[in-house]
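I wanted a few notes on charges, helices and odd backbone spots before doing anything else with this one. Here is what I looked up, in the order I got to it.

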Amino acid sequence: MKNRIVALLLSAAWIVSPAGALSGDAAPASEPAAVQRPARIPTLDLAQLPEISSAMLSPDGTRLAFLARIDGREAVAYRGVREGEVQRIDLPEKVDFNWLRWAGPNRVLFSVGRNVPYFGEEARQTLLIMKDLASGEVKVLNRDGQGLEGDDVLFIDPDGQYLLLSIQRTVYDYPSVFRVSLPDGKMSEIVRARAPVWEWYADNAGIVRAGVGWESRKMKFYYRRAEGEKFALIGAVKPDDDAFFDIANVVTGSDEGYVLSDEKTGRQALYKFNYRTREIGDLVYGNDSYDIDDFWLNTDGTALEGVSYTDDRSRIEWFDAGSKGLQGKLDRAIPNRQAWVMSKSRDAKTMLVLATAPDEPGLYYFLDRARGEMSPLAAMIRGLAPEMLAETKPVTYAARDGTKIPAYLTLPKGRPAKGLPLIVYPHGGPYGVRDRLEYDPQVQFFANRGYAVLQPNYRGSGGYGTAFGDAGIGQIGLKMQDDLDDGMDWLVKEGIADKGRVCVVGASYGGYAALWAVARNPERYRCAASFAGVADWKAMLKYDRRYLTKAANARWQARVTGTGELDLVAVSPTPQAARIGRPILIGHGEDDSNVPISQSKKLVAALKAAGNSNYEYVAYPDEGHGFSDPAHQKDWFDRLDAFLAKHNPAE
C-alpha cells in the first residue's frame, strides 16, 4: 500500500476510487441489490484506535510526526516520509495528549495535560515537551513554580531555534511572554506581565502585538504596532461585544488584519479589521447559513490564505487560485470522501492529505507536487470494510418551541426503517461544538447491533449562528434536554423508532445528557450510559475555574448559568440521584483532566446512599478523557453490548 503511487493528473478523468483502484470513466450504475444485514462486527475490530493521528509534515517535507499507538501504548512518533524506522517518544504517565507541532526540521513539540494538586484542590495542568531529533534529548519547557497553563505557544521560529511562550512566573502572577531558546531551553522574558492580560497574541513575524484581559466585567484590549512600542489600551468592551476577539490574527507589519464577527449578520463572518482603531471594515467572506469556523494567513503573514466552515461536513474556501485548484483536484481524485491538506512543507512542494467519510475512518496521502504524484501513506484504522458500515445522513426536526434542530441519523443496514430500537447519542461540549458527517466507531457499533442512532445538534451547538448558539445559554438540563426528547418524538412520529425501546448514550456533556435523561424523564427512556459524564455542575464549574483564564471562565460560567439564573443543583444527576430509577452504565478514566473522575465517583456514592443498586460502574486506569488503550475501548464496547442487550434489546 505504501509503495503504490497514484498519478494526480491535471485532467479530472482519472480518480482514486475508495478502494484505492485507479480507474477511468465510471461504469454505468447498476440496479441496487437488496441490502443484506451485515455480519456482527467484533468489538475488537470496532475498538481499534487510530494507529496514526494528528500527523504533521516537517517544514522540509522529509519527516512525518504523529500520535501513534505502539505495542498498545500511546506515544508521539516520527519517521521518514518515504522510508525509515518509526521512532517513538513515550508520553509521561497519567497524561492526556493535546497537540503536536514541528519547530524547524529537527525538533518536535507536543503538549500534554494532567491532574495536579492545586491549593488543596484538583486542577488541570498543561506542559510543553520537546524532542531534539539530532541529539535525542527530550526536554520539558517549563519554569519552576509556573502556573497551570504551560503550552500557550504564540510563535515558533521557522528554523526551529526559538519559540515564544506565554506562561506565569508563579501561580500568583499574570502571564509574561518568554523567548525560549530551543537548543538549550533557556528562557528570557520579552513581555512583562501586566494586569489584567491573560492572553497574548503574536503575528507571523514573532512580534507580540496584542494582549487581552478581563477586568471590571469588561474585556480590555492592549495593542502595539511594532516591537519597540509600548502596549496601549485601545478598547474595553462588554462580553456581548467581544466576538471579534475570539480569533486574533494581525497582518505582519501592519495595523490591518482580519476578524470574525457576528455583529452584522448574526453569524460569524470574516471582515477586514483595523486593530488600532478597532474598526470593522469590509466583509471578506461569509456564509448565509453557517458560521465561519477559522481563517489563516499565508506563511509570512501578509495575506489571507483561506477560511473554513461546516455545513454537514467541513469545507474550505481558498483565496488564492493555486490552492483552490489543488482542492478541486483532490476532490476529484478522492471522490465521495472529504479531503484536506493537513500540513505542508515550507516550500509547499510536499503536502499531507487526509481523506475521511462516515464509512471511512481516515487515510493519509503524501502529495509530491513536483512529481505530480500522490501515494497512500497510512490508514488511521485498518480492517473495517465500508460495506460493513452504515450510512449516516443529515436530517432536521422541529423542537417543541419551533426551533429547527439539525441532526444526523444512522439506520442499521438490512433492517426496515420501521419501529427500530433507538439510541439518542448527543455530542460533548456542549457549547460551540457540534457533530458532523464523519466516522464514529460508537455510531457504527450501535447501527451494527441493529439500532437507529440519532445525533442531535441541540441548541447551543456551534456553527449555526449566534442566535442558535445563544439559545443554549442557561439551558443545560432544560431546553437543551428538550431538544433530545423532541428528536425521539419526531422519529417515533415518523414510524422509524419504537417509543418503548429508547436509550441515551454519551460522553462528557453527552454523558451528562444521558444521565439527566433518565433522572428527568424516566418514563421516556429504558436506560442510559455515560462515559466521563458531568454529574454535578456546581463542582464542575468550581473545577474549571482553576485552569481557565479569567476571560474564558467568565464566558463559560455565563453560558452555563445564564448569568446565575440556572439552578445547578436542580439539573445535576448527583444531587438528584434519588430520581434515577432506570438502569445506568457509568464509565470514567482515572486520569481524566477534563472531567475529573470524582464526578462519577460521587454519583456512585449518591446512588448508593439513595438505595439505588441498578447501575454498573467501571473505572479505567491510565485513561484520560477518552481511550488510549484499545483493550479498554473494547471492554467499554463489550459492557455496552451486554448492557443494551439486557435493558434495550435490538431483537
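**Entry 1: a serine in a strand**

In which strand does Ser-530 lie? I found Ser-530 in strand S36, residues 527-531. Keep in mind that this is a predicted model. I then checked exposure, and Ser-530 counts as buried because its relative accessibility is 1%, under the 20% cut-off. Skipping neighbours within four places in sequence, I listed what Ser-530 is in contact with: Gly-506, Gly-511, Tyr-512, Leu-515, Leu-585, Ile-586, Gly-587 and Trp-636.

**Entry 2: salt bridges**

I counted salt bridges next and got 34. I looked at a few of them one by one.

Asp-90 pairs with Arg-88, with 2.8 Å between the closest N and O atoms. Both ends are partly exposed: Asp-90 has a relative accessible area of 39%, and Arg-88 has 30%.

Arg-415 and Glu-651 also form a salt bridge, at 2.8 Å from N to O. This pair links distant parts of the chain, 236 residues apart. Arg-415 sits in the loop between strands S32 (404-410) and S33 (420-424), and Glu-651 is in the segment after helix H10 (630-647). I looked up exposure for both: Arg-415 is buried at 16% relative accessible area, whereas Glu-651 is exposed at 68%.

Arg-449 bridges to Asp-641, with the closest N and O atoms 3.2 Å apart. Arg-449 is in the loop between helix H3 (441-448) and strand S34 (452-456) while Asp-641 is in H10, so this bridge ties together parts 192 residues apart in sequence. Here I noted Arg-449 as buried, with a relative accessible area of 8%, and Asp-641 as buried at 14%.

I also found a network of salt bridges that links Arg-400, Asp-482, Asp-485, Asp-486, Asp-489, Arg-520 and Arg-524. I picked out Asp-489, which lies in helix H5 and counts as partly exposed at 34% relative accessibility. Asp-489 and Arg-400 are 89 residues apart in sequence, and their C-alpha atoms are 9.9 Å apart in space.

**Entry 3: a buried acid without a partner**

Which side chain of opposite charge is nearest to Glu-623? My lookup gave Arg-69 at 7.4 Å; Glu-623 is buried and has no salt bridge. Glu-623 is placed in the loop between strand S38 (615-620) and H10. I did find a polar atom of the Glu-623 side chain 3.1 Å from the backbone nitrogen of Asp-629. Beyond four places in sequence, the contacts of Glu-623 include Gly-589, Glu-590, Asp-591, Asp-592 and His-632.

**Entry 4: helices**

At what angle do H5 and H6 pack? I got about 75° for H5 (479-493) against H6 (509-520), with the axes 11 Å apart. That makes the two helices roughly perpendicular. On the H5 side I noted Met-480, Gln-481, Asp-482, Leu-484 and Asp-485; they meet Tyr-509, Tyr-512, Ala-513, Trp-516, Ala-517 and Arg-520 in H6.

Then I went back to H3. Seven of its eight residues are buried, so H3 is largely enclosed by the rest of the structure. The buried ones are Gln-442, Val-443, Gln-444, Phe-445, Phe-446, Ala-447 and Asn-448. Asp-440 caps the N-terminal end of H3, where a side-chain oxygen is 2.9 Å from the backbone nitrogen of Gln-442. After H3 comes Gly-450 with a positive phi, near 105°.

**Entry 5: backbone oddities**

Most residues other than glycine have a negative phi, and most peptide bonds are trans. I went looking for exceptions.

The bond from Ala-195 to Pro-196 is cis, with omega near 5°. Pro-196 lies in the loop between strands S15 (187-191) and S16 (197-202). A cis bond also joins Gly-429 to Pro-430, with omega near 0°, and Pro-430 is in the loop between S33 and H3.

For positive phi, I noted Ser-508 at about 60°, and this residue is not a glycine. Ser-508 is in the loop between strand S35 (497-507) and H6 and is buried, with 15% relative accessible area. Asp-622 also has a positive phi, near 65°. Asp-622 lies in the loop between S38 and H10, and I logged Asp-622 as exposed, with a relative accessible area of 53%.

How values were computed:
Residues are numbered from 1 along each chain as its sequence is written. This is a predicted model: local features need pLDDT of at least 70, side-chain atom pairs count only at pLDDT 80 or more; totals for chains, interfaces and linings use all residues. Side-chain values use heavy atoms; hydrogens and water are left out. A salt bridge is a side-chain nitrogen of Lys or Arg within 4 Å of a carboxyl oxygen of Asp or Glu. Buried means under 20% relative accessible area, exposed over 50%, partly exposed in between (1.4 Å probe, protein chains only). Helices (H or I, at least four residues) and strands (E, at least two) are DSSP runs, numbered from the N terminus. Lys and Arg count as positive and Asp and Glu as negative; His and the chain ends are not counted. A polar contact is a pair of N or O atoms within 3.5 Å; within protein, one must be able to donate a hydrogen and the other to accept it, and residues adjacent in sequence count only if both atoms are side-chain atoms. Contact means heavy atoms within 4.5 Å. Axes are lines fitted to C-alpha atoms, for helices over the stretch in contact, and angles run from 0 to 180 degrees between N-to-C directions. Angles under 35 degrees count as roughly parallel, over 145 as roughly antiparallel, 65 to 115 as roughly perpendicular and the rest as oblique.
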